[in-house]
Amino acid sequence: MSQIIEVKVPDIGDFESVPVIELFVKVGDTIKVDDAIVTLESDKATMDVPSTVEGVVKEVLVSLGSKVGEGALLIKVETGGAAAAAAAPAAQAAAPAPAPTAAPVAAAPAAGGGVVEVKVPDIGDFAEVPVIELYVKVGDSIKVDDAIATLESDKATMDVPSTVAGTVKEVLVQIGSKVGEGTVLIKVESGSSAPAAAPQAAAPAPVAAAPAPVAAPVATAAAAPVALAPALAVGSKVHASPSVRAYARELGVDLNKVPATGPKNRIVKEDLTKYVKGVMSGAVAGPAAAAGGASLGGGLDLLPWPKVDFAKFGEIEVKPLSRIKKISGQNLSRNWVMIPAVTYHEDADITDIEAFRVLLNKENEKGGGAKLTMLAFLMKACVKGLQKFPEFNSSLDGDNLVLKKYFNIGFAADTPNGLVVPVVKNVDKKSVFELAQESGELAKQARDGKLKPADMSGACFTISSLGGIGGTYFAPIVNAPEVAILGVNKSAMKPVWDGKAFVPRLVLPLSLTADHRVIDGALATRFNVYIAQLLADFRRVAL
Ligand code: CAO
């Protein structure tokens, strides 16, 4: 005798409204126990919800983007006689149960601060889950809710956030370590007496599915064969961690097309990189070419990268690129290829502002305050420009322009390992002295390799200053999803015609690159002229 059984979202921890990002079943499909029905993704975890029954899908009650929580009805399944009997207990097991209190992971520190252990919270029934990413090292200062590690079982990927603020004293796990509830991840010296335990911030328990043997750590995927494995059929289930999914979204890559080499057919970051490289070099058909547009201008139609045996011509040395260079290289390539960018030049007369800067620094020397830099004045002028021309403080999101009401400025910093872009937040609310101090500190942290992801995110606009090195003009690459970047070279004394005579003035060369989809030439030139006016007479910043 057949029976209709409802499959609901099980206990997923403290999350109430989590979007469905993948849907694997449709009406008429025959499914088995443990087949994935949907993938849910919160900002902390990605979880598959498996079926608890076997049978034929009669109704699907959610769609992509639906927001669900514990107990939400996903599908109705018609089970056969025998299947129904077997399925019933499982279905009950999936019925909403009281949410487990995500274990408050921090042991209470001694009053007045002390060393606090941060442990793996309640992650459901999983005992041995591998650490696939580790975000902290000894000496890092962390805040409550900063991610410490990502754990990945075969059903869920979850970030474990810190429950305390302080300095990391000890890291007790490494990538590949197998952990379970209560495993100590790190020891943190907290500055104050506040343990700041935030139970609700702990990682959610993964879906209440029967635990399967945990997958091998993703790190082993590095040894995966070089040949491309067959891509998953379109529409079939894609396994990837939240970071890989976020990266794919950023690149606009359809994960269905990426061949997986990770354990259990999981797409790892290297797979994504290899796929994008393949598309860029022409070795793999990109979306347009794959759709039959190989020679119609839809894809990039690029020749494969030249393979040359350099050693044939003389002695060589092979040096692997630094991690920073690899990551920034990928971003720069995408931005260079995808943004119709134009660079506009302008000269700013900075004679007066430079005299003012030198004067202030002299006065300041006695007080021992931070040295005022040209960069700090440039930041202030740029914010004024962003306020006057809001398109410069925007990002493209499909057919929408997202206009930002905050003013964070990134600046390119040259480090021994490559280029990084620290971000000074809320520049509009800070004095030139504060900006000089903060950018100096960030530049130092950049050179020491101590910047954290949060220090490099949230920029609205970037300044790339080569003024300390030299040069006249250059064409910086827009730092997407921003829409413009201002390049600056070394100022030089030049003869400037004042209407009667040539007078010596200190001239700063500006090079503004802008995304033409948002900013046309007239707007870009107006912005440049305005910035030059502000720098020529900084009193205008106060207007
Ligand atoms: N014109 C003339 N002199 C300048 C100048 C300019 N536009 N900008 C800075 N200077 C001077 C400074 O006054 C300083 O001189 P003193 O030592 O006599 O005071 C000297 O050059 C060194 O300055 P700096 O560049 O180290 O300091 P800064 O605060 O101006 O810049 C930072 C900080 C982080 C932007 C810089 O150190 C840096 O890393 N620049 C490189 C950025 C880069 O690589 N961009 C390219 C990206 S695309 O590949």
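The lining of the second largest pocket in this predicted model comprises 7 nonpolar, 3 polar and 7 charged residues. The space within the second largest pocket amounts to about 430 Å³. Its lining is formed by 17 residues, of which Glu250, Leu396, Ala480, Pro481 and Arg517 are the closest to the centre. Two or more lining residues are contributed by each of helix H2 (242-251), helix H5 (323-338) and strand S20 (394-397).

Two of the residues closest to the centre of this pocket, Ala480 and Pro481, are joined by a cis peptide bond, with omega at about 10°. Pro481 belongs to the loop that runs between S26 and strand S27 (484-488). Most peptide bonds, by contrast, are trans.

Strand S26 (461-465) also takes part in the ligand site, where strand S26, strand S23 (413-415) and helix H8 (432-447) each provide at least two residues of the surrounding shell. The ligand is surrounded by 19 residues, and the closest of these are Lys371, Asp414, Ser464, Ser465 and Ser491. By class, the shell consists of 7 nonpolar, 7 polar and 5 charged residues.

Polar contacts to the ligand involve both side-chain and backbone atoms of the protein. An N or O atom in the side chain of Lys371 is placed 2.6 Å from a ligand oxygen atom, and an N or O atom in the side chain of Arg357 lies 3.4 Å from an oxygen atom of the ligand. At Ser465, a backbone N or O atom is found 3.0 Å from a nitrogen atom of the ligand. On its own, the ligand has 960 Å² of accessible area, 65% of which is covered by the protein.

Unusual backbone geometry was also examined at two further positions. Most residues other than glycine have a negative phi. Asp145, which is not a glycine, nevertheless adopts a positive phi of about 85°. This residue is situated in the loop between strand S11 (141-142) and strand S12 (147-152). With a relative accessible area of 36%, Asp145 is classed as partly exposed, because this category spans the range between the limits of 20% for buried and 50% for exposed residues.

Asn426, likewise not a glycine, has a positive phi of about 50°. Its position is in the loop between strand S25 (423-424) and H8, the latter being one of the elements that supply at least two residues to the ligand shell. The relative accessibility of Asn426 is 32%, and this residue therefore counts as partly exposed.

Definitions and conventions
Residues numbered from 1 in each chain as written. Predicted model: local features only at pLDDT ≥ 70, side-chain atom pairs only at ≥ 80, totals over all residues. Heavy atoms only, no water. Near = heavy atom within 4 Å. Polar contact = N/O pair within 3.5 Å; in protein donor to acceptor, adjacent residues only side chain to side chain. Areas by Shrake-Rupley, 256 points an atom, 1.4 Å probe, with all protein chains shown as cover. Helix = DSSP H or I, 4+ residues; strand = E, 2+ residues; numbered from the N terminus. Nonpolar A, V, L, I, M, F, W, Y, C, P; charged D, E, K, R; others polar. 1 Å grid on protein atoms, 1.4 Å probe; cavity = no way out; pocket = protein on both sides within 12 Å on 5 of 7 lines; lining within 4 Å. Points joined across faces, edges and corners; volume = space filled by probe spheres on them. Buried < 20%, exposed > 50% of the residue type's maximum accessible area, 1.4 Å probe, protein only.
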